[in-house]
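User: Please walk me through the charge pairs and one helix packing in this model. Keep it brisk.

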Amino acid sequence: MRKSGLSAQEATEKVERSAATKVKVAVTDLDGVLRGKYLHKDKFTSAMTSSFGFCNVVFGWDAADVCYDNARYTGWHTGYPDAEVHLDPSTYREVPWDGNVPFFLGDFWRGGAPLEVCPRQLLKKVVERLAAAGYEALSSLEYEWFNFRETPQSLADKGYARPDPLTPGMFGYSIIRLAQNRPFVNALMDEMAAFRVPIEALHTETGPGVFEAAILYDDPVEAADRAVLFKTGAKEIGHRFGILPTFMAKWNSELPGCSGHIHQSLWDRSLGRNLFHDERDPQRMSPLFRQYVAGQLHCLPDLLPFYAPTVNSYKRLVEGAWAPTRANWGVDNRTTALRVIPGSAKSTRLETRVNGSDSNPYLALAAALASGLYGIEHNMALPSGPLAGNGYEDETSPSFPRNLHEATVRLERSDIARELFGAPFVEHFVASRLWEWRQFGKAVTSWEMARYFEII
């Protein structure tokens, strides 16, 4: 476990001894967007000692700050009161690109209990269930994202049309492209490490201006913290170099989309043993690992909005674009939804490839771990052997819902989702995704303008 391990008192004393006059604090909304503020050092001390108020509208509006009209938890009918935030002292960091200002993440609470709709609290509950069953998880995320020579203002002035890519052409694993953008690349590697978001590997992917970063594994909550901080940090660092990163799933129909692959394994930490690994098995998979994979396969179609939460997410999940289209599995097969990686006793793990870079990492990790545990608890068996060929041609495995509306309706009807995450969270998340679909339905797109404006 690589967190700071600070207690509330130790964190407070550390901040008080620093030269900083302010502290940056943040929480994460349903869409995985960091929402935060600066606190004066004196205000921070009282906040760390007890809690502080944060308007609960962060769970009552969408990514564009438009308020839902279909949510029970909060809305105009509640008056948008403050919700109670407890800062997590173990998340202490200093922001290298912001004068080393102290930084903390927080969780939402209500009446002395975790707030049901808080994504970070949801993941913590899943981790607690794993621990109660005798397992400890290690997880990591890797992100693909595109970079452009734009600013938020320049792109808005262009109507979000024809953004200028950081580099031209299709050049995956390019040493040349890394060298041509060395200041940005070095800042990502070095400043993220100083921010306690260590990057194991960084390379270009196939596509103009696209990079991929693998973030070092840790316990699931820390892994999700690192993921959400990486996405925001990449945007803040990029701005310094006139670079605008995007983690949307598919920005261009002619190019591959952006994944957020999840790596995970279960451990007996008292024995230092990876419970997924079995040296005697042909795939080096333990019976527990097979149950875990079976659980994810079984739950995946019901839980797809946790991995693909936006209208745009489903433009990525198409054949031949390095993203899966069916709930299937294979051994080291990058065309399937679940890729078993049969490594050493230390590295054997599962890669959940359906997840996009646009997902909320707390929710995606919660879905992966909870559905894997579901398979273990129900002693589930894999429906077939590993798929050795093209996963897109696999007609024996169920296809995913085709769009956000289909996926959300399936989630809304899912007894499994309520069993894993509770009705309050599922109902609120469903309301938010149905809202998102309604906003899309009202939009007039550039495709419609080009297709119909003159001709019809």
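User: Is Arg226 buried or exposed?

Analyst: This is a predicted model, where local features need pLDDT of at least 70, side-chain atom pairs count only at pLDDT 80 or more, and totals for chains, interfaces and linings use all residues. Residues are numbered from 1 along each chain as its sequence is written, and side-chain values use heavy atoms, with hydrogens and water left out. Buried means under 20% relative accessible area, exposed over 50%, partly exposed in between (1.4 Å probe, protein chains only). At 3% relative accessibility, Arg226 is buried.

User: Which residue forms a salt bridge with Arg226?

Analyst: A salt bridge puts a side-chain nitrogen of Lys or Arg within 4 Å of a carboxyl oxygen of Asp or Glu. Here the closest N and O atoms are 3.2 Å apart. The partner has 0% relative accessibility and counts as buried. It is Asp218.

User: How many salt bridges does the count come to?

Analyst: One network of them links Asp88, Asp107, Arg120, Lys124 and Asp225. By the rule above, the count comes to 27 salt bridges.

User: How many residues apart in sequence are the parts tied together by Asp65 and Arg35?

Analyst: Their side chains meet in a salt bridge, N to O 2.9 Å. Asp65 lies in the loop between strand S3 (52-55) and strand S4 (82-87), and Arg35 in strand S2 (residues 34-40), so the pair ties together parts that are 30 residues apart. Strands (E, at least two residues) and helices (H or I, at least four) are DSSP runs, numbered from the N terminus. Asp65 is partly exposed at 37%, Arg35 buried at 14%. The separation asked for is 30 residues.

User: Which helix holds Arg438, the salt-bridge partner of Asp69?

Analyst: The closest N and O atoms of Asp69 and Arg438 are 2.9 Å apart. Asp69 is exposed at 54%, while Arg438 is partly exposed at 37%. Asp69 sits in the loop between S3 and S4, 369 residues from Arg438, which is in helix H13 (residues 423-442).

User: At what angle do helix H6 and helix H7 pack?

Analyst: Axes are lines fitted to C-alpha atoms, for helices over the stretch in contact, and angles run from 0 to 180 degrees between N-to-C directions. H6 spans residues 182-194 and H7 residues 220-240, with their axes 10 Å apart. Among the residues that meet (heavy atoms within 4.5 Å) are Phe184 and Leu188 in H6, and Phe230 and Ile237 in H7. The angle is about 135 degrees.
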